[in-house]
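Work through the exercises below with the sequence and the model at hand, and try each task before reading its solution.

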Amino acid sequence: MKIFYKPFGILSGVIGAKLGQRAFAGVWKNIEPAPPPDATAGDASLAMVVAAAALEAATMAAIAAIVDRASASAFHYLFGAWPGKSRQAKAADGDTTVHVA
């Protein structure tokens, strides 16, 4: 079933990236009217650069998790099979790694 989920995963990744960028831009506009500084911007303080990068990473990760979960749920609804392993199956296989989106 995983092979059939690949198109869903790719599409959800693209959608998640676009939604995450828009969500971060909206949140950043409420904090600062200027665009977020790049890491190499000479006129931005270190605190502002780090805050922008941390907020962007958190926003992108949260949106990616939401979109990935919605994509897996839609796949399950359409095809009747969950696309990934359950946590019990991963533990039985000895897979103790933590996967972050």
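The expected span of a helix is 1.5 Å times one less than its number of residues. The model used throughout is a predicted one.

**Exercise 1. Find how the reach of helix α1 compares with the span expected for it, and which element its buried residues pack against.**

Solution. Begin with the extent of the helix: α1 covers residues 2-31, which makes 30 residues. At 1.5 Å a residue a span of 44 Å is expected, and the reach from the first C-alpha to the last is 41 Å, which is close to that value. Next, pick out the residues of α1 that are buried, namely Tyr5, Ser12, Gly16, Gly20, Phe24 and Trp28. These buried residues of α1 pack against α2.

**Exercise 2. Decide for Thr59 and for Met48 whether each is buried or partly exposed, and name their contacts beyond four places in sequence.**

Solution. Start with Thr59, which is found in helix α2, a helix made up of residues 46-79. Its relative accessibility is 13%, and because buried means under 20%, Thr59 counts as buried. Once the neighbours within four places in sequence are left aside, Thr59 is in contact with Gly20, Ala23 and Phe24, and of these Gly20 and Phe24 are among the buried residues of α1.

Turn then to Met48, which also has its place in helix α2. With a relative accessibility of 30%, Met48 counts as partly exposed. Leaving aside neighbours within four places in sequence, Met48 is in contact with Trp28, Glu32 and Pro37. As for Asp38, it is 10 residues from Met48 in sequence, and the two are 9.6 Å apart in space, C-alpha to C-alpha.

**Exercise 3. Work out which kind of aromatic pair Phe8 and Phe75 form, and which kind Phe75 and Phe79 form.**

Solution. A search of the whole structure finds six aromatic pairs. In one of them, the rings of Phe8 and Phe75 have their centres 5.3 Å apart and their planes at 80 degrees, so this pair is edge-to-face. Since Phe8 lies in helix α1 and Phe75 in helix α2, the pair ties together parts that are 67 residues apart in sequence. Phe8 is partly exposed at 24% relative accessibility, whereas Phe75 is buried, with a relative accessible area of 0%.

The rings of Phe75 and Phe79 have their centres 4.8 Å apart and their planes at 40 degrees, so that pair is tilted. Phe75 and Phe79 are four residues apart in helix α2 and are therefore separated by about one helical turn. Phe79, at 45% relative accessibility, counts as partly exposed. As a last step, note that ring pairs link Tyr5, Phe8, Phe75 and Phe79 into a cluster.

Definitions and conventions: Residues are numbered from 1 along each chain as its sequence is written. This is a predicted model: local features need pLDDT of at least 70, side-chain atom pairs count only at pLDDT 80 or more; totals for chains, interfaces and linings use all residues. Side-chain values use heavy atoms; hydrogens and water are left out. Helices (H or I, at least four residues) and strands (E, at least two) are DSSP runs, numbered from the N terminus. Buried means under 20% relative accessible area, exposed over 50%, partly exposed in between (1.4 Å probe, protein chains only). Contact means heavy atoms within 4.5 Å. Rings of Phe, Tyr and Trp (its six-membered ring) pair if their centres lie within 6.5 Å; planes under 30 degrees apart count as stacked, over 60 as edge-to-face and the rest as tilted.
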